[in-house]
Amino acid sequence: MKHIFSTLTRGSIPVSPSMDPALADNQTAAPAGINPGRVLYLSVLTVVNAAIISLIAKVLLLLINLITNVSFHGSFSVEEASPLHHRLGGWVVLVPVAGAVVVGLMARYGAAAIRGHGIPEAMEQVLTNKSRIKPIITFLKPLSAAISIGTGGPFGSEGPIIATGGAWGSFIGQVLRVTAGERKILLAAGAAAGMSCIFGTPLAALILAIELLLFEFSPRSIIPVVLGCITGAAFHYLYWGGAPVFPMPDVEAPGNAALLAYSAIGVVMGLLAVLITKAVYAIEDGFEKLPLHWMWWPAIGGLVVGVVGYFAPETLGVGYENIHNLLMGKVTLQMLFVLGVLKFISWAFSLGSGTSGGTLAPLLTMGGAFGVFTALIVQAAFPQVQISFSIAALIGMAAMFAGATRALLTSIIFALETTRNADTLLPLIGACAAACFVSYFLMRNTIMTEKIARRGILTPHTYQPDLLEAILVKEAMMQHLVMVSQENTIKELRNWLYENKLGPCELAYPVVDAHQQLAGIVRTADVLDLSIPEHASVTYIMHTNMATVQENSSLRAAVNLMARHQQDILPVVASQQDSALLGLVDYRAVFAAYRQAREAEDTSSRNISIKRQVMKMLIRNGMLK
């Protein structure tokens with residue numbers, strides 16, 4: 001290290017105050033990773049929240065049953081019901097319209113955030129608003145969804161309860177004193193608990209939370225979310241028992257030819273997922289151009305639902321029985337057309353109009369129908385390939401969801417957990433991977449992110465570890481640096497700055513004593529301040545209460561210290577007891593280390609030369625001299 005001012009004249013210098021108290025107060029080691037006490041606190045909260053959300057889920061389903069019975073069968077009952085066997089005749093067209101008008105009024109005079117299927121709105125709050133969702137959403141979202149679905153809306157109950165669970169978690173996170181990161185965990189755990197309660201799929205719910213809400217994978221977040229998912233699954237078993245949500249017949253493990261066929265079906269599902277996603281947002285854009293207040297748009301969507309439902313009652317309501325029939329192979333070509341094409345028309349116009357509903361059940365239904373239809377074509381073209389139509393329906397469902405959302409792992413695990421059929425694992429992996437591959441090539445955003453992307457909000461696309469966490473301070477610190485002697489005067493330092501034309505380029509300098517021990521920091525702005533007496537020692541403006549870092553700490557820890565203490569430079573010292581100055585970290589050192597790490601990951605290189613290895617082998621064996 002170079003001492004610039006060692007030859008400058010010195011006068012009488014006041015003694016610098018001891019650095020020991022400052023170093024003891026501010027010396028901070030690298031973060032330990034997780035705080036066990038906070039993780040325990042969050043875990044207890046998520047378990048309690050999951051129990052409450054599970055109760056809300058049950059109430060939502062009972063409310064849907066009640067509204068369905070009242071709207072289509074004229075009976076005041078909470079028994080499970082379907083619009084399929086209604087006796088309303090042509091009047092059925094007006095039922096979805098009436099429900100949509102009520103939802104539009106609730107959105108207009110209650111909270112506009114109840115519109116849509118909920119997950120994009122939750123993602124937006126996570127990314128832009130520190131996971132803060134209006135508390136009223138916790139009550140209006142399930143109520144509006146119950147009205148929409150109960151009056152024939154072609155949605156599933158899982159989307160609204162996922163959104164409601166996230167809103168409840170966010171609400172608790174706003175009532176209690178927690179950080180923004182902890183509030184995000186509560187939101188994601190609430191959403192995952194809602195999904196786990198509806199389907200009894202704790203692992204799929206966990207992965208969904210990671211892929212769409214948490215955008216991270218760490219013990220601090222995973223442990224509470226896992227406990228929330230387990231709690232939700234426990235309530236699912238309490239309500240509905242332990243049977244698979246979507247039972248399917250026993251199937252044999254497919255051979256290689258069948259696996260290839262199923263992967264080809266996945267490619268088709270990927271193409272359809274892209275088309276469906278683009279069509280939904282094209283319809284939404286069309287509604288934006290209407291000369292009507294958006295409050296009335298759901299009524300138009302409800303009219304489309306009613307008209308389609310008049311000709312095809314199977315498109316009305318939740319339609320989980322349709323998924324069951326697809327997996328059991330109890331469908332005809334006409335039913336495939338109804339569940340694939342007509343269900344899409346009904347769902348796309350209803351969702352595009354801005355009503356309250358979900359995407360998962362409709363995507364599963366359409367994917368299952370298109371999967372079976374594609375399998376029929378493949379079977380006709382290649383009769384020697386043994387294809388199971390139950391597997392085709394399942395991979396169609398999962399691949400459609402994977403292609404539309406790019407939640408690859410969620411799609412695979414969800415299909416496995418809802419059917420409990422392990423022999424479908426390989427077809428699911430092949431089909432879902434193929435669908436995601438196609439989706440990445442043809443679609444910039446997903447059905448979940450397109451809406452918020454249009455508002456200028458970018459969603460994370462990778463979950464790689466923090467690069468700065470893997471770099472040690474000693475690898476990035478500047479070792480050739482300018483140090484100021486505590487015996488120098490402000491005039492001497494000021495003249496040196498002028499002579500070397502540094503000015504404010506260097507924001508601060510370390511101050512050391514005669515033994516190279518760190519004494520403090522002087523800021524360039526203070527040195528150039530003409531109101532400071534120039535004959536005073538640099539100790540007059542020296543800051544001694546500062547943060548330091550040790551060379552074996554991570555660069556992330558150093559950046560956190562600089563941000564927390566608002567320091568332009570961070571001295572690197574030998575230890576908490578030894579204040580010998582080893583180097584400095586500033587913003588340029590951080591940028592340089594990050595750039596080098598980034599280039600090391602992104603630069604293509606050849607580490608083994610086959611030609612060179614062959615030549616060495618020939619020389620070693622005496623074949624070449």
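These legends accompany a set of close-up views of one predicted model.

**Figure 1. The whole chain, as a starting point for the close-ups.**
Welcome to the overview. The predicted chain is built from 24 helices and 7 strands. Of its 625 residues, 53% count as buried. Among contacts with a separation of 6 or more, 77% are between residues 24 or more positions apart. The accessible surface is about 28,300 Å², and carbon and sulfur atoms supply 62% of that area.

**Figure 2. The largest nonpolar core and Met195.**
This core has 121 residues, and those touching the most other members are Met195, Val225, Phe246, Leu327, Trp347, Met400 and Phe414. At least three residues of the core come from each of domain 1 (36–240) and domain 2 (256–455). If you centre your view on Met195, look for its contacts beyond four places in sequence: Ile162, Gly200, Thr201, Ala204, Ala205, Leu208 and Phe414. Elsewhere, a second, separate core of 18 residues includes Ala547, Ala558, Leu570 and Val590.

**Figure 3. Thr424, a buried loop residue.**
Here we visit the loop between α16 (408–419) and α17 (425–442), where Thr424 is found. Thr424 counts as buried because its relative accessibility is 0%. Leaving out residues up to four places away in sequence, Thr424 touches Met248, Val251, Ile391, Leu394 and Leu416.

**Figure 4. A nonpolar patch on the surface.**
Six residues make up this patch: Leu105, Tyr109, Leu290, Leu292, Trp296 and Ile300. Together they offer about 550 Å² of accessible area. To find your bearings, pick out Tyr109, which belongs to helix α3 (residues 94–109). Tyr109 has a relative accessibility of 61%, so it counts as exposed.

**Figure 5. Ser131 and Arg132 in the loop between α4 and α5.**
Two residues of one loop share this view. Ser131 sits in the loop between α4 and α5, and its phi is positive, at about 65°, although Ser131 is not a glycine. With a relative accessibility of 1%, Ser131 counts as buried. Arg132 lies in the loop between α4 (119–128) and α5 (137–150) and is partly exposed, with a relative accessible area of 36%. Beyond four places in sequence, Arg132 is in contact with Gln125, Ser170, Gln174 and Arg183. Leu187 is 55 residues from Arg132 along the chain, yet their C-alpha atoms are separated by 8.7 Å.

**Figure 6. The salt bridge between Glu182 and Arg38.**
By the rule used here, the model has 3 salt bridges. In the one shown in this view, the closest N and O atoms of Glu182 and Arg38 are 2.7 Å apart. Glu182 belongs to helix α7 (residues 180–199) and Arg38 to helix α2 (residues 36–73), so the pair ties together parts that are 144 residues apart in sequence. Glu182 is buried, at 7% relative accessible area, while Arg38 is partly exposed, at 29% relative accessibility.

**Figure 7. Thr459 and its contacts.**
Thr459 is located in the loop between α18 (450–453) and α19 (473–476). Its relative accessibility of 23% makes Thr459 partly exposed. Aside from residues up to four places away in sequence, Thr459 touches Met123, Leu127, Thr449 and Ile452. From Thr459 to Asn445 the C-alpha distance is 9.3 Å, with their positions 14 residues apart in sequence.

**Figure 8. Asp568, Arg523 and the loop before β6.**
A salt bridge joins the side chains of Asp568 and Arg523, at 3.9 Å from N to O. Asp568 is in the loop between α22 and β6, and Arg523 is in strand β4 (residues 518–523), so the pair ties together parts that are 45 residues apart in sequence. Both partners are partly exposed: Asp568 at 28% relative accessibility, and Arg523 with a relative accessible area of 26%. While you are here, have a look at Gln566, which is in the loop between α22 (555–565) and β6 (569–573). Gln566 has a positive phi near 55°, in a residue other than glycine, and counts as exposed at 66% relative accessibility.

**Figure 9. The salt bridge between Asp586 and Arg588.**
In our last stop, Asp586 pairs with Arg588, the closest N and O atoms being 3.5 Å apart. Asp586 is buried, with a relative accessible area of 3%, whereas Arg588 is partly exposed, at 37%.

Technical notes. Residues are numbered from 1 along each chain as its sequence is written. This is a predicted model: local features need pLDDT of at least 70, side-chain atom pairs count only at pLDDT 80 or more; totals for chains, interfaces and linings use all residues. Side-chain values use heavy atoms; hydrogens and water are left out. Helices (H or I, at least four residues) and strands (E, at least two) are DSSP runs, numbered from the N terminus. Buried means under 20% relative accessible area, exposed over 50%, partly exposed in between (1.4 Å probe, protein chains only). Contact means heavy atoms within 4.5 Å. Accessible areas come from the Shrake-Rupley method with a 1.4 Å probe; for residues, only the protein chains shown count as cover. Patches are made of residues with over 30% relative accessible area and no salt bridge: like charges are joined within 9 Å, nonpolar side chains (Val, Leu, Ile, Met, Phe, Trp, Tyr) within 5 Å. A salt bridge is a side-chain nitrogen of Lys or Arg within 4 Å of a carboxyl oxygen of Asp or Glu. A nonpolar core is a set of buried Ala, Val, Leu, Ile, Met, Phe, Trp, Tyr and Cys residues joined through side-chain atoms within 4.5 Å. Domain bounds come from an automatic or database domain assignment.
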